[in-house]
There are 2 protein chains.
Amino acid sequence: MEEVDNKQVIFKGYIERPPKETDMEIKVSKIKLRAPKGSGAILVKNLYLSCDPFMRGRMRDFQGSYIPPFVPGQALEGFGVYKVIDSENSDFKPGDLFSGLTGWEEYSLICRPQQFRKIQQDNIPLSYHVGLLERVGIIGPLLTTRAASNSHFLFCNRRYYIDFLFDSNFLASVFFGMPGFTAYVGFFEVCSPKKGEYVFVSAASGAVGQLVGQLAKLHGCHVVGSAGTSQKVDLLKNKLGFDEAFNYKEELDLDATLKRYFPQGIDIYFDNVGGEMLDAALLNMRINGRIAVCGAVSQQSLSKPQGIHNLYSLIIKSIKMQGFLQHNYLHLYPRFMEHVISYYKQGKIFYIEDMNEGLESAPAALAGLFSGKNVGKQVIRVASE
Amino acid sequence: MEEVDNKQVIFKGYIERPPKETDMEIKVSKIKLRAPKGSGAILVKNLYLSCDPFMRGRMRDFQGSYIPPFVPGQALEGFGVYKVIDSENSDFKPGDLFSGLTGWEEYSLICRPQQFRKIQQDNIPLSYHVGLLERVGIIGPLLTTRAASNSHFLFCNRRYYIDFLFDSNFLASVFFGMPGFTAYVGFFEVCSPKKGEYVFVSAASGAVGQLVGQLAKLHGCHVVGSAGTSQKVDLLKNKLGFDEAFNYKEELDLDATLKRYFPQGIDIYFDNVGGEMLDAALLNMRINGRIAVCGAVSQQSLSKPQGIHNLYSLIIKSIKMQGFLQHNYLHLYPRFMEHVISYYKQGKIFYIEDMNEGLESAPAALAGLFSGKNVGKQVIRVASE
């Protein structure tokens with residue numbers, strides 16, 4: 001069978017800082033649109049690719065971890081939506097659409113495609129399956145298009161966490177896909193919200209934050225969000241229905257800022273950023289407050305995380321501060337899908353995507369995540385079916 | 001009526017560091033052993049006084065808070081066990097024993113003695129009522145032997161916390177009495193222990209820690225404690241039944257220490273100290289671990305609390321970290337009393353007191369708390385009924 005051109009986003013080499021556009025390059029290689037006979041593999045055409053903060057972790061040369069780093073000279077991989085072109089696996093039929101890990105390239109050969117999720121088409125934009133509706137976390141042996149058959153990811157079992165923790169710089173890898181479901185379980189299960197409560201969301205226009213804020217509003221809460229540009233602040237207030245929003249970069253004293261927006265204090269803080277904002281929020285929590293610790297994007301560029309100084313607030317205000325992974329709540333996924341799809345179809349929630357066109361735009365889009373350039377969930381459209 | 005001598009521990013003046021013995025002095029004044037007619041007051045003889053870390057907060061000249069500072073030139077006040085000598089209040093009969101806030105002196109006139117707890121004598125050492133069985137927290141208007149009728153403590157309502165928080169140095173005042181009940185609700189309600197889990201307790205021979213460890217053992221957990229002298233370590237292992245214990249002052253690398261004592265990781269960390277030990281524990285928690293944030297004694301001498309750097313562990317290991325006040329669990333107090341008294345009478349738990357004799361010993365005893373000099377709950381015996 002004839003080979004066709006396969007445009008790829010190639011990982012150039014390991015870095016110890018946030019990614020730049022020049023850490024990746026576009027290359028065209030050749031690929032046969034065929035899964036090898038009897039291999040169990042599938043050959044897919046990639047339609048949408050997701051830019052996620054956790055990908056930075058794989059750009060470091062850290063061999064001791066159970067998340068394998070990217071291989072220099074080969075294409076990156078990440079979450080995507082793709083169509084099956086050829087299949088040697090009875091669970092995957094040509095023409096079917098799936099979401100899951102794939103390569104940053106036009107076509108990918110996926111060797112062990114278990115745990116991928118078939119997409120039922122139902123008037124939801126296809127790209128939402130790497131954002132709002134994304135389900136596949138990285139659990140169990142890492143699924144990869146390349147030779148990583150002995151690799152395991154850090155969630156395989158309890159022990160792997162311990163190993164993982166020996167490297168305290170490896171913050172980036174705690175960021176996963178599934179932003180919509182993360183927002184859902186983080187808000188409803190971790191924060192136990194009550195109608196009328198005061199909710200603060202940081203990185204509020206991001207992939208997770210935007211849904212947290214909208215769910216909180218639908219639940220009857222008062223919601224304030226922080227973001228890093230006036231365009232995002234505008235979006236929060238005028239498109240996503242937040243009660244208030246502010247640009248944290250224009251604030252000199254975050255404690256004073258939060259006192260201004262929450263004169264009564266904060267019942268729920270949905271923390272996507274860590275660092276100074278978390279410290280300021282701790283000072284402004286109300287008694288029996290809850291903090292969902294979802295991410296620490298402000299800390300990703302630091303070799304040592306900033307210290308948090310106000311934890312004594314936990315004691316004097318009986319605050320619960322909880323980290324979570326959506327992985328522990330998978331039984332709620334059907335309920336999440338039902339609720340969110342219904343809200344979406346009723347026009348009660350929006351999901352803001354920052355859609356870049358073409359693989360050529362992918363390096364800049366990924367790099368932009370780390371300077372807050374994206375507005376909403378960052379996605380690359382590789383092809384339109 | 002004739003006046004009698006009343007030996008007192010006088011507060012000399014405000015400090016911005018941990019208390020020293022010389023910050024207090026012994027003085028003898030005169031007192032009538034009579035409550036003024038129609039005053040509603042009671043006149044009591046003090047039997048036992050409790051030394052508590054929170055008293056340091058009242059030795060600072062911080063007028064903006066709702067906990068009034070001590071008055072220079074007057075006696076300190078704290079929790080105690082006392083006998084009613086004279087009463088103008090129908091709830092208090094001469095001869096009755098109570099525990100509650102009182103003066104650091106032989107006799108105290110208590111002006112508004114609501115919320116005090118009557119002691120039923122039942123073969124439990126009287127002094128345990130300011131330790132193991134102490135119930136009276138400071139809630140509502142501050143009860144005081146002196147003129148403080150307009151004073152409110154920080155727990156009066158939600159708003160007061162916010163005011164309180166403007167002063168981030170005021171750590172000490174988050175330490176209250178009720179160590180036994182604090183241990184009980186902190187362990188059972190906040191930590192949700194399961195048989196066979198791995199439990200770490202810091203300041204393990206202290207007023208709270210010693211009971212946490214014993215309750216954890218009775219619950220079938222594996223328990224390791226840290227303390228600051230070899231005498232305390234010995235006590236933990238040989239008297240209180242901890243599986244292991246170590247002297248943190250002899251350890252150069254707390255992370256390595258915890259890995260040695262918890263090769264499988266920690267399920268429950270009962271944190272009485274904060275600071276570096278908390279940071280090390282965060283690195284060694286297991287998935288779904290729980291941290292009860294009970295105190296931060298290591299931070300009390302610092303003008304700014306140390307930063308905690310390892311909070312990302314909360315995310316990647318789905319850890320719950322919860323501050324708490326026993327105040328929110330008072331409905332469990334009867335169950336606590338029943339369990340703990342029963343365990344005590346069966347010889348299944350011990351409560352270690354560091355008993356100093358006489359008011360003269362009180363200044364050194366209080367100061368000693370802040371250098372870890374006390375072994376067990378620090379109590380002063382003023383008189384034996």
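**Exercise 1.** Which cysteine sulfur is closest to the sulfur of A:Cys221, and why is there no bond between them?

*Solution.* This is a predicted model, in which local features need pLDDT of at least 70, side-chain atom pairs count only at pLDDT 80 or more, and totals for chains, interfaces and linings use all residues. Side-chain values use heavy atoms, without hydrogens and water, residues are numbered from 1 along each chain as its sequence is written, and chains are lettered from A and ligands numbered from 1 in the order in which they are written.

Step 1. The closest cysteine sulfur to that of A:Cys221 lies in A:Cys191, at 9.4 Å, which is too far for a bond.

Step 2. A disulfide is a pair of cysteine sulfur atoms within 2.5 Å. Over all chains, the search of the whole structure gives 0 disulfides.

Step 3. A:Cys221 is buried, at 3% relative accessible area, and A:Cys191 is buried, at 0%. Buried means under 20% relative accessible area (1.4 Å probe, protein chains only).

**Exercise 2.** Describe the surroundings of strand E12 of chain B.

*Solution.* Step 1. Strand E12(B) spans residues 285-293, and 8 of its 9 residues are buried. Strands are DSSP runs of at least two E residues, helices of at least four H or I, numbered from the N terminus.

Step 2. E11(B), residues 266-271, pairs with E12(B) in the parallel sense over 5 bridges; pairing requires at least two DSSP bridges. B:Asp271 has B:Val293 of E12(B) as its bridge partner.

Step 3. With strand E13(B), residues 320-323, E12(B) forms 4 bridges, also in the parallel sense. Here B:Ala292 is bridged to B:Gln322 of E13(B).

Methods:
Buried means under 20% relative accessible area, exposed over 50%, partly exposed in between (1.4 Å probe, protein chains only).
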